[in-house]
Amino acid sequence: MALLAIPGSRTKTILGFALTFLLGAAFLALEYADFKNLLALGYSWKTNASFSSYFVLIGAHGLHIVFGLLFTLVFILQLLRRGFTDAVIRRLTCLSLFWFFSYFVWIFMFTIVYLIGAS
């Protein structure tokens, strides 16, 4: 939705990316709680191959989300400072594509790790 507001409304664009930031941060909080719970139960990346791949896959995805959150903050600040310049619009478009890719990857990771892995 933030991408659709470009270049018409800076406020709507910022609100869209701010909502994206909050959802990404909530996802990281859930991922952290999941890792903490598994570690408390005695499971770790050293337990077996399944848990090893789980921690690596989900951890790598979480790391990408952290970078996405950082870039979201940086680009919101750039939009506030510079407005809708060509460079800022290009960066926001790339950021939006990054988030779309992350959602797409998460669909496959969720299916493989949680749905197929649980069976």
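Here are a few short exercises, with worked solutions, on the predicted model shown above.

**Exercise 1. Check whether the span of helix H1 fits its number of residues.**

Step 1: Start with the count. Helix H1 has 31 residues, and at 1.5 Å a residue it should span 45 Å.
Step 2: Now look at the model. The end C-alpha atoms of H1 are 44 Å apart, which agrees with that expected span.
Step 3: Peek past the end of the helix. H1 is followed by Gly42, and the phi of Gly42 is positive, near 95 degrees.

**Exercise 2. Sort Thr20, Phe21 and Ser102 into buried or partly exposed.**

Step 1: You need the cut-off here: buried means under 20% relative accessible area, and partly exposed runs from there up to 50%.
Step 2: Thr20, in helix H1, has a relative accessible area of 15%, so Thr20 is buried.
Step 3: Phe21 also sits in helix H1. Its relative accessibility is 22%, so Phe21 counts as partly exposed.
Step 4: Ser102 belongs to helix H3. With 6% relative accessibility, Ser102 counts as buried.

**Exercise 3. Find what those three residues touch, leaving aside neighbours within four places in sequence.**

Step 1: Thr20 is in contact with Trp99 and Tyr103.
Step 2: Phe21 is in contact with Leu69, Thr72 and Leu73. While you're there, try Phe21 and Val66: they are 45 residues apart in sequence, yet their C-alpha atoms are 9.9 Å apart in space.
Step 3: Ser102 is in contact with His61 and Ile65.

**Exercise 4. Describe the largest nonpolar core and say which helices build it.**

Step 1: Count first. This core has 15 residues, and those with the most contacts inside it are Phe17, Ile65, Leu69, Leu79, Leu92, Leu95 and Trp99.
Step 2: Next, the helices. Two or more residues come from each of H1 (10-40), H2 (49-82) and H3 (86-118). H2 gives the most, with five residues.
Step 3: Don't stop there, as there is a second, separate core of eight residues, including Phe35, Phe51, Tyr54 and Val113.
Step 4: Zoom in on Leu79. Not counting residues up to four places away in sequence, Leu79 touches Arg10, Thr13, Ile14, Phe84, Val88 and Leu92.
Step 5: Go back to H1 and pick out its buried residues. Among them are Thr13, Ile14, Phe17, Phe27, Leu28 and Phe35.

**Exercise 5. Which residues make the nonpolar surface patch of about 850 Å²?**

Step 1: Recall a rule of thumb: in soluble globular proteins, nonpolar side chains tend to be buried together.
Step 2: Now list the patch. It is made by Phe101, Phe104, Ile107, Phe108, Phe110, Ile112, Leu115 and Ile116.
Step 3: Place one of these residues on the model: Ile112 is found in helix H3.

Key
Residues are numbered from 1 along each chain as its sequence is written. This is a predicted model: local features need pLDDT of at least 70, side-chain atom pairs count only at pLDDT 80 or more; totals for chains, interfaces and linings use all residues. Side-chain values use heavy atoms; hydrogens and water are left out. A nonpolar core is a set of buried Ala, Val, Leu, Ile, Met, Phe, Trp, Tyr and Cys residues joined through side-chain atoms within 4.5 Å. Buried means under 20% relative accessible area, exposed over 50%, partly exposed in between (1.4 Å probe, protein chains only). Helices (H or I, at least four residues) and strands (E, at least two) are DSSP runs, numbered from the N terminus. Contact means heavy atoms within 4.5 Å. The expected span of a helix is 1.5 Å times one less than its number of residues. Patches are made of residues with over 30% relative accessible area and no salt bridge: like charges are joined within 9 Å, nonpolar side chains (Val, Leu, Ile, Met, Phe, Trp, Tyr) within 5 Å. Accessible areas come from the Shrake-Rupley method with a 1.4 Å probe; for residues, only the protein chains shown count as cover. A salt bridge is a side-chain nitrogen of Lys or Arg within 4 Å of a carboxyl oxygen of Asp or Glu.
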